[in-house]
Amino acid sequence: MRVVEKRQLLSGEEISRTLTRLAHEIVEKSGGPKDLALIGVRRRGIPLAERIASIMQQSAHVNVPVGTLDITLYRDDLSTVGPQPVVHSSEITFGVDDRDLVVVDDVLYTGRTMRAAMNGLFDLGRPRRIRLCVLIDRGHRELPIEATFIGRTVETSDTEIVEVRLNEIDNEERVMLVDRVA
Amino acid sequence: MQRLQHILGIEGLTTEQITFILDQAKPFQEFQRYPLKKLATLRGKTVAIAFFESSTRTRISFTTAASRLGADTMNLQAESSSLKKGESLIDTVRTLEAMRPDGIVIRHAASGAPEFVAERLAIPVFNAGDGTHEHPTQGLLDALTIRDKKGSLEGWNITIIGDILHSRVARSNIHLLTKFGSRITLCGPAMWVPRELESLAPNVRRVLRIEDALTGADVVIVLRVQTERLHEPSIAAEEYILQYQLTPERLRLAKPDTIVLHPGPMIRGLEIDPAVADGPQSCVLEQVTNGLAVRMALLYHLIGGAPADAPHPAKERSNATD
Amino acid sequence: MLLIKNGRVLDPASKTDAALDVLLDGDKIANAGANLSAPDAEIFDAKGLVVAPGFIDLHCHLREPGQEMSETIETGTRAAARGGFTAVCCMPNTQPVNDNASVTRGIIERAAAASVRVWPIGAASLGSKGEALAEIAAMKQAGIVAVSDDGKPIASARLMRQVMDYCNPLGLPVIDHCEDPSLFAGGVMREGPISTRLGLKGIPAQSESICVGRDVEVALLTGARLHIAHMSSAKSLEYVRAAKRAGLRVSCEVTPHHFTLTDEDVRYDTRYKMNPPLASRADRDALIEGLADGSIDAIATDHAPHHAASKDVEFDRAPFGITGFETALALGLSELVHTKRLSLMRLVELFTTGPAGVLGVERKIASGQPGDLTIFSIEREWTFRSSESASKSRNTPFDDRAFRGAPVATIVAGRFAYRP
């Protein structure tokens with residue numbers, strides 16, 4: 001499969017500003033940081049959640065714990081992932097019971113990742129509330145899932161892919177829209 | 001790394017494959033601590049558990065592993081003594097196959113039986129112990145236990161005590177640990193530790209006195225004394241205890257941070273002193289948990305996932321999935 | 001009349017190796033000489049082929065009566081003819097055991113329609129149970145050529161002595177399948193590094209050699225004729241050599257699979273499971289030396305057919321044995337002659353005068369001799385496929401093996417038993 005870059009959706013600076021806005025939104029709309037916690041979905045949700053927590057700490061002086069979640073075991077499409085679906089550890093050191101959780105991921109698309117994430121979280125306990133925060137919402141939902149905190153909404157076609165590149169993983173910082181070519 | 005199709009023995013695995021399995025077992029170790037131990041990962045899949053030799057622990061471990069992954073199990077328990085004539089293995093296997101399981105776990109008294117089955121069925125075969133040949137999942141869970149406690153599998157002095165000749169667990173351990181460069185010392189009564197065992201793998205030596213075997217050991221693996229022995233006289237229990245029981249005094253000859261493993265079930269007071277079995281160096285309970293983790297990882301990898309020849313789907317890039 | 005022209009005649013009895021023609025009249029050899037002519041004879045052109053006296057197989061299992069699922073006298077002898085054999089000695093472990101004259105006669109009657117001569121070997125003890133002597137004299141009258149409890153060893157030194165003392169005046173050789181039951185004990189392959197690695201119960205070489213030693217001592221005691229069946233180890237060969245040096249009438253045979261394969265060839269494939277099991281490389285090399293220097297008297301196939309379902313089981317449960325008629329000569333040529341370990345004349349001896357000597361008969365190409373000839377090619381390249389075998393059974397490790405050298409035509413009693 002070949003891909004062709006179509007256009008840039010967010011520059012590095014725009015990512016940074018968006019995350020700052022999201023961090024403040026979350027604090028505002030959470031009625032207090034008491035039981036608040038962020039859960040980064042592997043892979044790119046993790047650095048995003050860590051950055052948001054860091055911004056919360058620096059600007060709003062609010063300390064919110066960050067956990068990481070690997071959803072591979074909860075996927076409903078395991079047989080299409082490829083021959084060797086590697087599992088990673090989830091790390092949530094705080095209890096999940098009665099927590100006000102915000103799940104953080106890079107792109108919201110069909111909604112299946114979020115469903116798997118919820119299954120995973122319910123295996124660990126009974127959170128009081130779960131909301132979703134994403135950098136990009138690209139539409140094409142297949143399940144009734146919505147994000148409460150959205151960085152940017154983008155209209156895309158089925159063949160297009162939204163690529164979020166972050167320094168921690170990709171050594172560059174931007175969001176690209178790419179297209180699959182035959 | 002070559003994808004695993006079956007798990008028939010350790011001898012045929014590379015260190016890369018073994019490391020992969022142990023790494024993949026780690027998330028499943030944590031999973032055993034979750035309050036809700038039920039995944040839907042293998043939901044709708046069926047695992048046939050075909051035990052032609054009696055076993056409680058391994059059978060329960062595999063059955064639990066499959067259930068916790070959300071799979072259903074088909075349980076076949078055919079106690080077969082070598083004298084019993086009955087349905088042949090090929091017929092039993094074909095019958096099971098007609099019920100279309102997605103994998104089969106097999107324990108059998110004949111060495112080579114899982115390979116026999118794997119040659120005839122198109123589904124993954126998991127060897128839960130064949131004759132005196134191998135018990136690969138035991139070898140893997142022992143390795144995971146050693147790696148967790150010691151930090152690595154390389155370069156340790158590992159002593160195995162007992163009836164090595166008839167132990168498939170010992171053979172799997174020997175193959176696995178020598179692949180990673182550890183050194184094995186085998187110890188037991190002469191008729192149970194023949195010289196031929198030294199040719200199984202590099203860095204294997206055999207020693208008849210337990211004191212010599214324990215000096216300098218980092219890991220001690222104690223084997224059960226098998227009292228069901230055909231064609232051969234056994235050794236009197238008192239004789240064995242006198243010469244080969246692992247007592248606290250003898251254990252002190254090993255290094256101070258030595259760990260003690262036992263594949264179970266233990267006969268306390270025979271091959272192992274209860275004080276050692278329950279003591280701080282004993283890892284038998286971790287072995288059991290690790291057994292579940294390893295078996296879940298193997299079931300997950302061999303039964304979950306796309307068929308080996310499936311192309312990678314378009315949504316392969318990790319940030320392009322939803 | 002049948003005239004075999006232009007062949008290379010190899011006759012060990014007269015040490016002949018020459019371009020000669022052979023004329024057969026009726027069921028006998030009429031003449032052998034250069035440029036023979038016989039206007040009324042059917043002519044067979046043996047140009048480029050070797051013409052030898054008819055091969056004898058001292059050891060095979062035809063499974064009739066009682067186990068016709070695996071083989072019958074008809075199918076077995078057809079396979080034997082395709083392998084170049086003109087006479088085969090079938091072991092008595094049938095159902096019922098051939099321990100009395102009526103079973104012997106039954107076999108001989110069935111064999112009247114067979115492709116090759118069938119010379120039965122009678123049991124040494126009743127039912128081969130190792131207790132009482134079988135009806136040996138009656139069987140001799142009915143046509144047995146030797147006695148054996150093959151499948152098992154003759155049960156004790158005392159019984160061996162009795163059998164030998166009984167058979168000696170009857171002129172019957174005693175053939176023993178040498179094995180010590182207490183060492184054999186449930187084993188399925190040769191004990192060694194391979195059996196340890198595979199987790200299969202091993203049988204030490206001493207299981208055979210202890211019994212060979214015992215039999216040689218009893219032969220010393222009785223002066224009888226002793227023949228060691230399917231010998232597989234260097235140590236056993238040492239005992240036989242010592243016995244021969246001491247002037248005892250002791251002989252032995254080796255199977256083609258024992259001079260070709262070793263225990264290293266065993267994985268869990270039941271086509272490599274037989275008794276005695278495949279031995280070590282050192283044993284195989286010692287046997288080849290013994291074949292070359294004359295310590296070993298004969299090559300015998302121990303053709304042991306088993307129907308497919310019985311072998312399609314776990315290694316532990318499979319019966320012992322492989323087929324062997326159709327690959328014996330080809331293995332001899334490929335593994336021994338082409339590799340220059342043996343001369344061609346020596347190989348032919350091992351199939352003709354060697355076995356004949358054990359039985360106390362003659363086998364040569366000379367006027368008045370039985371009209372049995374084995375015609376073969378040293379160079380012909382072919383691949384053996386078990387699916388094309390004339391045997392009912394397919395249990396052979398040599399399936400799909402390429403060979404250089406093949407049987408071409410087999411003549412028994414002056415008529416073609418097998419021809420191209």
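A salt bridge here is a side-chain nitrogen of Lys or Arg within 4 Å of a carboxyl oxygen of Asp or Glu. The exercises concern a predicted model, in which local features need pLDDT of at least 70 and side-chain atom pairs count only at pLDDT 80 or more, while totals for chains, interfaces and linings use all residues. Residues are numbered from 1 along each chain as its sequence is written, chains are lettered from A, and side-chain values use heavy atoms, with hydrogens and water left out.

**Exercise 1. Describe how chain B meets chain C, and place this interface among the chain pairs.**

Step 1. Begin with contact, meaning heavy atoms within 4.5 Å. Two pairs of chains are in contact, and chains A and B share the most contacts, whereas no contact joins chain A and chain C, whose closest C-alpha atoms lie 30 Å apart.

Step 2. Between chain B and chain C, 24 residues of chain B are in contact with 17 residues of chain C. The buried area of about 1,700 Å² (accessible area, 1.4 Å probe, that two parts lose on being put together, summed over both) owes 49% to carbon and sulfur atoms.

Step 3. Turn to the specific pairs. Three salt bridges cross the interface of chain B and chain C, and one pair in a salt bridge is B:Glu11 with C:Arg197, whose closest N and O atoms are 2.4 Å apart. The interface of chain B and chain C also has ten residue pairs in polar contact, both residues at pLDDT 80 or more; a polar contact is a pair of N or O atoms within 3.5 Å, where within protein one must be able to donate a hydrogen and the other to accept it, and residues adjacent in sequence count only if both atoms are side-chain atoms.

Step 4. Locate the side of chain B that touches chain C: helix 3 (89-98), helix 4 (113-118) and helix 6 (168-179) of chain B each give two or more residues to it, and helix 4 of chain B gives the largest share, three residues. Helices (H or I, at least four residues) and strands (E, at least two) are DSSP runs, numbered from the N terminus.

**Exercise 2. Classify the ring pair of C:Phe55 and C:Phe351 and state which parts of chain C the pair ties together.**

Step 1. Apply the rule: rings of Phe, Tyr and Trp (its six-membered ring) pair if their centres lie within 6.5 Å, and planes under 30 degrees apart count as stacked, over 60 as edge-to-face and the rest as tilted. With 4.7 Å centre to centre and 5° between the planes, C:Phe55 and C:Phe351 are stacked.

Step 2. C:Phe55 lies in strand 6 (residues 55-60) and C:Phe351 in helix 13 (residues 344-351) of chain C, so the pair ties together parts that are 296 residues apart in sequence.

Step 3. For contrast, C:Trp382 and C:Phe384 have ring centres 6.3 Å apart and planes at 80°, so this pair is edge-to-face.

Step 4. Check burial, where buried means under 20% relative accessible area, exposed over 50% and partly exposed in between (1.4 Å probe, protein chains only). C:Phe55 is buried at 0%, as is C:Phe351 at 0%, while C:Trp382 is partly exposed at 23% and C:Phe384 is buried at 6%.

Step 5. Widen the view: C:Phe55, C:Phe85, C:Phe325, C:Phe351 and C:Phe376 form one aromatic cluster.

**Exercise 3. Decide how helix 12 of chain C sits in the structure.**

Solution. In helix 12 (residues 328-337) of chain C, nine of the ten residues are buried, so the helix is largely enclosed by the rest of the structure; among them are C:Leu329, C:Leu333 and C:Val337.
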